[in-house]
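Please look through the sequence and the structure shown here before reading on. The report that follows is meant to be read with both in view.

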Amino acid sequence: MSDELKYDTPLHDPEHDILGRKKFAETLAKSIIGLEAAQGFVYGLYGPWGSGKSTVINFTEHYLEE
């Protein structure tokens, strides 16, 4: 078992996704890239502790950097 899963730390590489969060993160990144917001914008990601919010953010950053 990898240390990332054993210690419940957020993942950074979508290739390690086993819970199906990378597709959502990729779609979110495409949405951000395609957004025309001259005044700025805010996205909220809500969920209970341990539900994968930090992993989704990390995956989204990964796709934004690609």
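The text below goes from the whole chain to its helices, and then to single residues.

**The chain as a whole**

This is a predicted model, and its secondary structure comes to 3 helices and 0 strands. Read along the sequence, the chain therefore follows the pattern α-α-α, with helices counted as DSSP runs of at least four residues. Of the 66 residues of the chain, 23% count as buried. If one takes the contacts in the chain with a separation of 6 or more, residues 24 or more positions apart account for 65% of them.

**Helix 2 and its buried face**

Helix 2 has 13 residues, which at 1.5 Å a residue should span 18 Å, and its end C-alpha atoms are indeed 18 Å apart, so the expected and the computed value agree. Which residues of helix 2 are buried? They are Ala25, Leu28, Ala29 and Ile32. Seen down the axis of helix 2, these buried residues fall within an arc of 100°, and therefore they line one face of the helix. A general rule helps in reading such a pattern: an α-helix has 3.6 residues a turn, so residues three or four places apart point the same way. On the other side of helix 2, Lys23, Lys30 and Gly34 are exposed. The buried residues of helix 2 pack against helix 3.

**Helix 3 and the nonpolar core**

Helix 3 also passes the check of length, because its 13 residues should span 18 Å at 1.5 Å a residue and its end C-alpha atoms are 18 Å apart. The buried residues in helix 3 are Thr55, Val56, Asn58, Phe59, Thr60 and Tyr63, and the buried residues of this helix pack against helix 2.

The largest nonpolar core consists of 5 residues, namely Leu11, Ala25, Ala29, Phe59 and Tyr63. Two elements, helix 2 (22-34) and helix 3 (53-65), each give two or more residues to this core. As a general tendency, nonpolar side chains in soluble globular proteins are buried together.

**Residues of helix 3 in detail**

Thr60 has its place in helix 3, and with a relative accessible area of 5% it counts as buried, because the cut-off for buried is under 20%. Its side chain reaches the backbone oxygen of Val56 at 2.7 Å. Leaving aside neighbours within four places in sequence, Thr60 is in contact with Ala25, Leu28, Ala29 and Ile32, and these four names are the buried residues listed above for helix 2.

Thr55, also found in helix 3, is buried at 10% relative accessibility. If residues up to four places away in sequence are not counted, Thr55 touches Pro10, Leu11 and Arg21.

Leu64 lies in helix 3 as well, but it is partly exposed, with a relative accessible area of 35%. Beyond the residues up to four places away in sequence, Leu64 touches Ala29, Ile32 and Ile33. Leu64 and Leu28 are 36 residues apart in sequence, while their C-alpha atoms are 9.3 Å apart in space.

**The loops and an aromatic pair**

Glu15 is found in the loop between helix 1 (3-6) and helix 2, where it is exposed, with a relative accessible area of 63%. Glu15 and Phe59 are 44 residues apart in sequence and 9.6 Å apart in space, from C-alpha to C-alpha.

Leu35 is found in the loop between helix 2 and helix 3. Not counting residues up to four places away in sequence, Leu35 touches Phe41 and Tyr43.

How many aromatic pairs does the chain have? The count comes to 1 aromatic pair. The rings of Phe41 and Tyr43 have their centres 5.5 Å apart and their planes at 85°, and because planes over 60 degrees apart count as edge-to-face, the pair is given that name. The table sets out the accessibility of Leu35 and of the two residues that form the pair.

| Residue | Relative accessible area | Class |
|---|---|---|
| Leu35 | 35% | partly exposed |
| Phe41 | 43% | partly exposed |
| Tyr43 | 39% | partly exposed |

Conventions:
Residues numbered from 1 in each chain as written. Predicted model: local features only at pLDDT ≥ 70, side-chain atom pairs only at ≥ 80, totals over all residues. Heavy atoms only, no water. Core = buried A, V, L, I, M, F, W, Y, C linked by side-chain atoms within 4.5 Å. Buried < 20%, exposed > 50% of the residue type's maximum accessible area, 1.4 Å probe, protein only. Polar contact = N/O pair within 3.5 Å; in protein donor to acceptor, adjacent residues only side chain to side chain. Contact = heavy atoms within 4.5 Å. Expected span 1.5 Å × (residues − 1). Arc of directions from axis to C-beta. Phe/Tyr/Trp six-rings, centres within 6.5 Å; stacked < 30°, edge-to-face > 60°.
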